[in-house]
Amino acid sequence: MENGNQTELYLSEQVVVLCTCTLSFMGSSLIILTYIIWSDLRTTPRKLLVYLSVSDWLSAVSYAFGVWRVFRTDSPDCVAQGAISTFANTSSFFWTVAIAVYLYVFIVRSSQRVADSLVVFFHLASWGVPLAITVTAVSLNKIGYDASEVSVGWCWVRIHAPDRVLWMLLTGKIWEILAYLTLPVLYILIKRHIHKAHAALSEYRPILANRRQSHSFSSMADMKLTLIPIIFIVLRIWSTLRFILLLADSPVRQNPVLVTLHGIGNTSQGAANCIMFVLFTQPIRNRLCTALCCCGSKCGEEVQSSHDAPQRPPPGQDSSTQREEDSTSRVRTDR
């Protein structure tokens with residue numbers, strides 16, 4: 001591909017993508033800080049979410065540096081930025097799927113012991129595989145300036161590498177596509193299991209005054225299980241689309257709107273996780289309200305109601321509902 005095919009990056013696109021990088025940086029930092037500050041939140045699912053947030057934090061920082069610099073050559077800082085973002089982005093894919101696998105084993109297979117035993121393998125795969133791929137790519141001089149053809153200012157696979165398509169797949173795209181296929185299947189299986197359990201127990205569940213509260217817990221968890229794969233696909237699909245357009249040698253890949261959507265999607269994962277699993281998780285949101293001295297009446301009512309909610313399920317809430325809400329609200333699952 002010639003230099004004349006370089007994708008032009010406009011100032012407005014830089015500003016938008018830098019803003020989403022900042023939001024993801026802040027969101028990932030908040031997830032990590034809440035885990036450190038509140039020891040009772042240090043469950044295995046929340047711990048996996050923290051590992052994912054570390055990857056998203058690195059991605060946000062490296063992408064922001066790349067968008068700010070807008071590299072033009074294979075400079076050392078371009079290669080360093082490309083290596084870090086490649087490692088972090090690939091690791092994020094692995095941790096996203098790892099969390100889904102953990103929830104599947106924990107909820108559907110009803111085995112916390114087996115689920116917890118998988119964590120060591122998650123570490124080996126989610127840190128080891130991306131590290132091996134990145135080190136190999138850098139050693140073979142595959143990471144560098146890519147003319148923003150499948151990026152938004154940052155460096156990735158060198159655009160002049162003769163086998164660049166292979167390395168684009170190895171350093172991200174193949175794992176991204178596998179995540180598209182794996183996440184919906186796992187979360188659909190989890191939702192089906194929970195719905196079947198609720199249906200089987202519904203005729204024995206007593207009709208109590210606080211059944212409405214139990215339904216609220218279940219509805220929120222159900223909504224998260226639905227949104228997790230949808231949000232992941234919506235954020236990442238623009239990057240995949242530009243990759244396909246590159247393979248087809250279509251000039252549409254340089255469309256400013258598509259480039260902007262690509263930049264927003266690739267850099268928004270940390271922010272999306274924070275919204276789903278901090279701001280939309282009532283016990284954590286209530287603690288944040290208290291820490292920030294929120295004085296609104298609504299916040300005060302939420303803080304009061306949360307004193308009992310995180311520790312005890314409401315009478316009439318079955319164990320399947322409790323386990324599903326605990327697992328879903330404390331992870332990114334949080335991908």
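In this predicted model, the count of aromatic pairs comes to 11. One of these is formed by tyrosine 51 and tryptophan 95, whose rings are tilted, with 5.1 Å from centre to centre and 40 degrees between the planes. Because tyrosine 51 belongs to helix H2 and tryptophan 95 to helix H3, the pair ties together parts 44 residues apart in sequence. The two partners fall into separate accessibility classes: tyrosine 51 counts as partly exposed, at 21% relative accessibility, whereas tryptophan 95 counts as buried, at 0%.

Tryptophan 95 also pairs with tryptophan 127. The centres of these two rings lie 5.5 Å apart and the planes meet at 65 degrees; planes over 60 degrees apart count as edge-to-face, so the pair is assigned to that class. Tryptophan 127 is placed in helix H5 and tryptophan 95 in helix H3, so this contact ties together parts that are 32 residues apart in sequence. With a relative accessible area of 24%, tryptophan 127 is partly exposed. Ring pairs join Tyr51, Trp95 and Trp127, together with Phe87, into a cluster.

An aromatic ring is also involved in a contact with a charge. The charged end of arginine 42 sits over the ring of tyrosine 35, at 6.0 Å from the ring centre.

Turning to the nonpolar interior, the largest core comprises 40 residues, and those with the most contacts inside this core are Leu48, Tyr102, Tyr187 and Ile190. At least two residues of the core are supplied by each of helices H1 (11–37), H2 (44–69), H3 (76–108), H5 (119–139), H6 (164–202), H7 (211–247), H9 (269–279) and H10 (282–291). Helix H3 provides the largest share, with 12 residues.

The surroundings of isoleucine 190 were examined with residues up to four places away in sequence left out of the count. On that basis isoleucine 190 touches Ala100, Leu103, Tyr104, Ile107, Val108 and Leu225. Of these contacts, Ala100, Leu103, Tyr104, Ile107 and Val108 fall within the range of helix H3 (76–108), and Leu225 within that of helix H7 (211–247). Isoleucine 190 itself falls within helix H6 (164–202).

A second core, separate from the largest one, has 10 residues. Among the members of this second core are Val17, Tyr63, Val67 and Trp154.

Terms used. Residues numbered from 1 in each chain as written. Predicted model: local features only at pLDDT ≥ 70, side-chain atom pairs only at ≥ 80, totals over all residues. Heavy atoms only, no water. Core = buried A, V, L, I, M, F, W, Y, C linked by side-chain atoms within 4.5 Å. Buried < 20%, exposed > 50% of the residue type's maximum accessible area, 1.4 Å probe, protein only. Helix = DSSP H or I, 4+ residues; strand = E, 2+ residues; numbered from the N terminus. Contact = heavy atoms within 4.5 Å. Phe/Tyr/Trp six-rings, centres within 6.5 Å; stacked < 30°, edge-to-face > 60°. Lys NZ or Arg CZ within 6 Å of the ring centre and 35° of its normal.
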